Amino acid sequence: MSTTTPPLELHPDRLLPADPSRREISRRLYESVRELPIISPHGHVPPSWISEDTPFRDPTSLLISPDHYITRMLHAHGVPLSDLGVGREPGDGFDDAAARSAFGALCTHWSAYRGTPVRYWLEEELAGIFGVTVRPSAETADAIYDQISAKLSEPDFRPRALMDAFGIEVLATTDDPCDTLDEHATLAADTTFASRVVPTFRPDKYLDPALPTWSADVDRLGEVSGIDTGTYAGYIAALENRRRYFVSRGAVSADHGVIDAVTVILETAEASRIFDAARAGTATEDETTALRRHMLTEMARMSCADGLVMTIHPGVRRNHHTPTWEEYGPDVGCDIPIAVEYTDALRPLLNAYGTHPNFTLVLFTIDETVYSRELAPLAGFYPSVYVGVPWWFIDAPEAIRRFRSTVTETAGFSRTSGFIDDTRAFCSIPARHDMSRRLDAGYLSELVVEHRLPEDEALEAIHDLVVANPRTVFKLGGESR
Amino acid sequence: MSTTTPPLELHPDRLLPADPSRREISRRLYESVRELPIISPHGHVPPSWISEDTPFRDPTSLLISPDHYITRMLHAHGVPLSDLGVGREPGDGFDDAAARSAFGALCTHWSAYRGTPVRYWLEEELAGIFGVTVRPSAETADAIYDQISAKLSEPDFRPRALMDAFGIEVLATTDDPCDTLDEHATLAADTTFASRVVPTFRPDKYLDPALPTWSADVDRLGEVSGIDTGTYAGYIAALENRRRYFVSRGAVSADHGVIDAVTVILETAEASRIFDAARAGTATEDETTALRRHMLTEMARMSCADGLVMTIHPGVRRNHHTPTWEEYGPDVGCDIPIAVEYTDALRPLLNAYGTHPNFTLVLFTIDETVYSRELAPLAGFYPSVYVGVPWWFIDAPEAIRRFRSTVTETAGFSRTSGFIDDTRAFCSIPARHDMSRRLDAGYLSELVVEHRLPEDEALEAIHDLVVANPRTVFKLGGESR
Amino acid sequence: MSTTTPPLELHPDRLLPADPSRREISRRLYESVRELPIISPHGHVPPSWISEDTPFRDPTSLLISPDHYITRMLHAHGVPLSDLGVGREPGDGFDDAAARSAFGALCTHWSAYRGTPVRYWLEEELAGIFGVTVRPSAETADAIYDQISAKLSEPDFRPRALMDAFGIEVLATTDDPCDTLDEHATLAADTTFASRVVPTFRPDKYLDPALPTWSADVDRLGEVSGIDTGTYAGYIAALENRRRYFVSRGAVSADHGVIDAVTVILETAEASRIFDAARAGTATEDETTALRRHMLTEMARMSCADGLVMTIHPGVRRNHHTPTWEEYGPDVGCDIPIAVEYTDALRPLLNAYGTHPNFTLVLFTIDETVYSRELAPLAGFYPSVYVGVPWWFIDAPEAIRRFRSTVTETAGFSRTSGFIDDTRAFCSIPARHDMSRRLDAGYLSELVVEHRLPEDEALEAIHDLVVANPRTVFKLGGESR
């Protein structure tokens, strides 16, 4: 490689504010939490990766193909998703050469990611985990690919070893209510494995009677739970049953990816009537919508009983580009956010359960307009409500700064969820948590330098954000506020 | 108290920007307006406090119980509102011990307010008014309570003496259209009292036929005005009568707390028909909504005639948590904002009265999205329209910075209202006005240091914001632009 | 003039960030692009100004009367639009004295523009183009007016000379589909004129069957194209014909100013049926709306065929104040933005054409909420979609900073359009482009100083923003990325 190849370097002060007085304070705040373990109470790492501890196949299948944050931008620059291994396996002809070529496409389009968090995370992964020292480009792609490939064959780069190196204390996966959770049982029983890997109850497809697959899924729910789901009462009982099963396997939360946050409470007779109609395929769109919104409220009711923290991730138009969805399926990069309303939408739910002592509701959003207008005011009154940290498109430095700026003044720090990485990009987990710590240090430094908060309290606040908030909000036990 | 008790200190540079060149300029700008009198053209201090000049009972009933900014956050942290004296009096068993305990709850949860303006204001009140020198905590709560209690029994801490010490030149209260305004008359007649205390016409409940209390309130309006409100014409005449009465007692504005800003102009016959139906209890929801929106436009028409400045505070879902409202009534902390539209909503009103030379309309919002999109463009064309400063949840440092950043480029400084504290927390008034002056100094310093505005003009601009804008916009006379 | 008259000075560091480390980097970045030619792919300069090269009549008709950015604010301060020459000519009695008086009104209200980009641009124009050295005020107005008047009679201040001095390489005008584009042909044929002046196809009024003028305009379209527009098929063919004519005269884009961005695709038979009803004057409002939205999608289809870049500028309630519109016509300062939705609205269009290799769609907005929520995600997936830079009210320093902050993290730099001035204020063109370059330098400096981007890449990025992005996005040829 030529001597003029630009280097890849991680500056120790990265993401800390420019102003010298703020940077100095930020450094101290960041240093105080830099080495703390990672608590990841919501994410999408496949549990089998951890339980089977199989070496990762190659750089592309680890870093590119499953990460729609990366593939979407390459698609925007004209690279077909199929060239990136999306939805393909070696058996489908996505062989070594194809994987290497995909990696080359990423490196060739490195400049497309300037100013994005994807670039920031990837740099941390390349330099921090794999020891890459040159900037990705068409010229350096092969060498970098070879370097990562070599590492992936080493024992230190198998999933469990990485998890240990990353300092992950808790990792939540996202799971189907009918899942056996056997991988979680295996991991829990393994005394040689220190991390806690917990499942998360994600029942979306069982709760939306408008989906063509809904009735078959409700049948399966009956089979797995051993409770007849032919009636509304059985359907409710089966859901309660599977939630308790998840609790017994260590779950701490139930997650809901819904198009809107509207809740209603139907009379049982009405819910039952619509359920029957939906099972018979005769329910109207208004009816299936009403039942879906009712079931979201039912999930809150069940949370009061079984203690699962309720998290809501609304407002994304999934599979916006139908041709891409038809060819590649979901989660490949063409999900686009829409505006979401929370204040009126959640009122029925919060009137019923908002002050229940066993209830916790974490509200996420990609629609930033609701932070100061709706979410912070809700979290600043209801003891059950916490504002989730920025998610997906807005899990990014400038957006996280806006989040703290728009939420803190009404809800403080303690009514926020603690950082959540929400990622399927396993190797990006430490980079994401580290980014959050740096940004919170930067935000707090502004309060300190403007004499709005003494530094000793800022040190407590950042420690809480990293450790106490996720533990408290997600009922993880251990150190608490 | 141990020697390690953290101190409570007010730094002279608080809230000024970190960058040394900006801080230097900010200091000069802030110093130029620091001592100017307070003009408070919209607020919620009970006029009886001033007219009767009764000593405040105890720290809790002064600082905590009536201030939903404070109680909401304690509620979110699990403290029942009843423990904070909300809706309770000594006669209801909220005795000295209970008041002390409530104050202890605030001090114990002091960390919950980190990064909030409530914390900032309270620090100014504790240190600046009451001379507290230690940080509130469970350990220091009693001593601080005793210190404030002792002060409250001194003559210098009675309402009028405080008002004088605060430098309040004008204080507007918020009043019911049927109020006699006798307290205002008493104060106006008192030549020993220098401040000007003016009433504000707030007719919300007389203008919404959907309220169950509306018809009885309209009856009472008839009694007080001496005009038969059995007809629409009488209803209008009675409102005009009471507005003139308010003007005669010194009122300069009429305030409207509405759920949305939609205006319509009904034909008189149609308005009259709906009025009759609403009085008879037979109006539909569409009809009562139409009449409510028509009446907002009628208020604008009356403003053109009697000169009362029209202020609109829309977009808050009041009493979001019904059980809390049923137990404690309104204004206890569970009001949550919603999105609001102004451009199309106000078009009928502005087409009719937007260029009337006697009309002034100040538009407030908690929905920050409208600052750059709707409010600044409206205020940048209509001679009658001014953008109200941030209010309620967004009367806070970061939000005020966003306000200037999103409004100034389209509407300049002169099309904004001047600072308004909108508070029922009497002792927070100077802290709030001072906060605004510091933040405006900081905003202007950015323009100066980036060579977008010469410093001599920035000095003029901040003086205008503090003095000229509120005087001009609220027709207060005296020095003007 | 007295020796105390405040000076008007342009500081070389204007708009660069305060922090010394950022300012230093910003300077280097800005210097690297400061002298690059201006590419202006969307604007409203009348082509006759350039083709006829007539000297500008006076300062007011050049700088004030046609610029609604300026006239709106003076109107808000009580100056009648007629006093500013809006809609008036010398023949209407707007003589020299009136023009001078209008200029005096601007100078007298100079403080109203503090903190606005209008003030910033005007200072650059006055000082940078006309050599004015004193601050505008009531006292200095006449002298400044005389100074500019004198310049305007010099050959160096005729339109073509100014265009050359401004360094304008490409200038797009905005034109009616029935226009002959003769001025563009004249300019293209003139070998003594170096700049490229290209027309833009702007068919709004031909595409909205709800307009009272629509049917007559469609008739005219038939005449000009020579294709019978009595049928839907003819109407489509005539539009295709005129687009091809525009392409033959150098057009690179078609622009669409629509109230919303909703698209639908009607069956041809249904579109044809509604077309016939609309021509007969019997179409319902729902039908005309459907046809308007269908026609927007048809424009995308035609763009795939003829290659014209499609630009959409939605979400402005035109002529908000009806009395002003009736007296002065459109574009005089009373257009007010509204909220706009893009994700669901554009889905039919993007499902049909979003991945077509010949399609480019640039989405503009004044509703800033959509940058992070909708536009950046769309541009970060669809190869055809680019985020347009801030426009109109938000073509301003703080808003442009928010734009980069909300768009870059999801879409990077390369999925944005490059700067577009969109102005009818000819002399403001260089100031606007220069402002953009300074602000982008400032934004990039933050990435550099926070170690998120190496400076060599920041230099490449700003060069791309100034040169490569507009060339690529608007298919202008020449240097590309």
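## Exercises on a predicted three-fold arrangement

The second largest cavity has a lining of 15 residues, and nearest its centre lie Gly418(C), Phe419(C), Ser436(C), Asp440(C) and Leu465(C). Helix 18 (397-411), helix 19 (429-449) and helix 20 (455-473) of chain C each give two or more residues to this lining. This is a predicted model, in which local features need pLDDT of at least 70, side-chain atom pairs count only at pLDDT 80 or more, and totals for chains, interfaces and linings use all residues. Residues are numbered from 1 along each chain as its sequence is written, chains are lettered from A and ligands numbered from 1 in the order in which they are written, and side-chain values use heavy atoms, with hydrogens and water left out.

**Exercise 1.** Describe the second largest cavity by its volume, its main contributor and its residue classes.

*Solution.* Begin with the space inside the cavity, which is about 130 Å³. (On a 1 Å grid over the protein atoms alone, a cavity is a set of points where a 1.4 Å probe fits but cannot get out, a pocket is an open set with protein on both sides within 12 Å along at least five of seven lines, and lining residues have an atom within 4 Å of a point.) Next, find the largest share of the lining, which is the four residues from helix 19 of chain C. (Helices, H or I with at least four residues, and strands, E with at least two, are DSSP runs numbered from the N terminus.) Finally, sort the lining residues into nine nonpolar, three polar and three charged.

**Exercise 2.** Where does the second largest pocket lie with respect to the domains of chain A?

*Solution.* First note that this pocket has a volume of about 1800 Å³, and that helix 14 of chain A gives the most to its lining, with five residues. Then consider the domains: domain 1 (56-153) and domain 2 (160-473) of chain A both give residues to the lining, so the pocket lies between them. The domain bounds come from an automatic or database domain assignment.

**Exercise 3.** Work out how chain C is related to chain A.

*Solution.* Chain C is superposed on chain A by a rotation of 120° with 0.0 Å of shift along the axis, at an RMSD of 0.0 Å. The two copies are thus related as by a three-fold rotation axis. (The superposition is by least squares on the C-alpha atoms of residues with pLDDT of at least 70 in both copies.) Within chain C, the residue that comes closest to this axis is Asp19(C), whose C-alpha is at 3.6 Å.

Definitions and conventions:
Points joined across faces, edges and corners; volume = space filled by probe spheres on them. Nonpolar A, V, L, I, M, F, W, Y, C, P; charged D, E, K, R; others polar.
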